[in-house]
Amino acid sequence: MNEKGLLIVFSGPSGVGKGTVLRQYLQSHPNTAFSVSATTRSPREGEIHGQHYYFLSREEFETMAANGGLLEYAEFAGNFYGTPRDAVEQRLKEGVDVVLEIEVQGAMQVKKQCPEALLVFVMPPSFEELRRRLSGRGTEDEATVCCRLSNAAREMEAAKQYDYIVVNQTVEQAVDQLEQIVGAAKHTAAYFNEFIDEVEKDAKTCCK
Ligand code: 5GP
């Protein structure tokens, strides 16, 4: 059977609540790991190095990227973000599902490199609701909120390139949708490719 974990890419505009959905999903799925990204942005209050992000200087980030240490990386709202490659590959090999919570440019890089990855995009119930959620968060000033809203509009243009959409009306419903999507993804032919090859090989040896 397929013993490799599933690589799950989870994207959505700032403020859509994807972090909350993901946290809840991870709590009830212990065989799923969250990939801790590297970033050049400064920590927000309460964020811990190594848990929420690896907070790196621009120079450290560039060195990591140049050495091939990042599975993907992108610039977003003036900062760099990237996925450390080794940790992801190790967990997948161990049979653990890995979730990357990343923006769309990075997601498209993953899609190219790992066609078997599952790409899920979280949409708000409406743009007005997204504006309300983003302003209510209170962690950014007005200019940043504005910048994130225009980024959000641009990000949502890429939603059609994902495999599945989750609409975050309520967290419970969104988590439920994500569970169904992951369940379905674990029965695609692409996910079973290696297993099918193995069985075919055995069949050929047996029927020679
Ligand atoms: P924030 O600064 O709000 O934590 O994240 C800003 C954006 O960067 C979010 O859309 C988040 O999903 C994305 N992001 C976080 N980590 C990564 C990463 O490793 N790679 C890419 N491409 N985007 C990331």
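This is a short walk through the structure, from the ligand site out to a few single residues.

The model is a predicted one, so local features need pLDDT of at least 70 and side-chain atom pairs count only at pLDDT 80 or more, while totals for chains, interfaces and linings use all residues. Residues are numbered from 1 along each chain as its sequence is written, and side-chain values use heavy atoms, with hydrogens and water left out.

Let's start with the ligand. It sits in the largest pocket. A pocket here is an open set of points on a 1 Å grid over the protein atoms alone, where a 1.4 Å probe fits, with protein on both sides within 12 Å along at least five of seven lines; sitting in it means that more than half of the molecule's atoms lie within 2 Å of its grid points. Two elements each give two or more residues to the shell around the ligand: β5 (70-76) and β6 (79-84). Strands such as these are DSSP runs of E with at least two residues, while helices are runs of H or I with at least four, numbered from the N terminus.

In total, 16 residues surround the ligand, and the closest are Ser37, Arg41, Tyr53, Tyr81 and Glu103. To count, a residue needs a heavy atom within 4 Å of the ligand. Oxygen atoms of the ligand also have N or O partners in the protein: the side chain of Ser37 offers one at 2.7 Å, and the backbone offers one at 3.0 Å from Gly82 and one at 3.4 Å from Thr83. The protein covers 95% of the 510 Å² of accessible area that the ligand has on its own, by the Shrake-Rupley method with a 1.4 Å probe.

Arg41 leads us on to Glu47, in the loop between β3 (37-39) and β4 (53-55). The side chains of Glu47 and Arg41 are joined by a polar contact of 2.8 Å, that is, a pair of N or O atoms within 3.5 Å, one able to donate a hydrogen and the other to accept it. Glu47 also touches Ser42, His52, Tyr53 and Phe55, leaving aside residues up to four places away in sequence; contact means heavy atoms within 4.5 Å.

Back between β5 and β6, the loop holds Ala77. Ala77 has a positive phi of about 50° although it is not a glycine. Ala77 is partly exposed, because its relative accessible area is 36%, and buried means under 20% and exposed over 50%.

Finally, Gln177 lies in helix α7 (residues 171-185) and is also partly exposed, at 28%.

Technical notes: Buried < 20%, exposed > 50% of the residue type's maximum accessible area, 1.4 Å probe, protein only. 1 Å grid on protein atoms, 1.4 Å probe; cavity = no way out; pocket = protein on both sides within 12 Å on 5 of 7 lines; lining within 4 Å.
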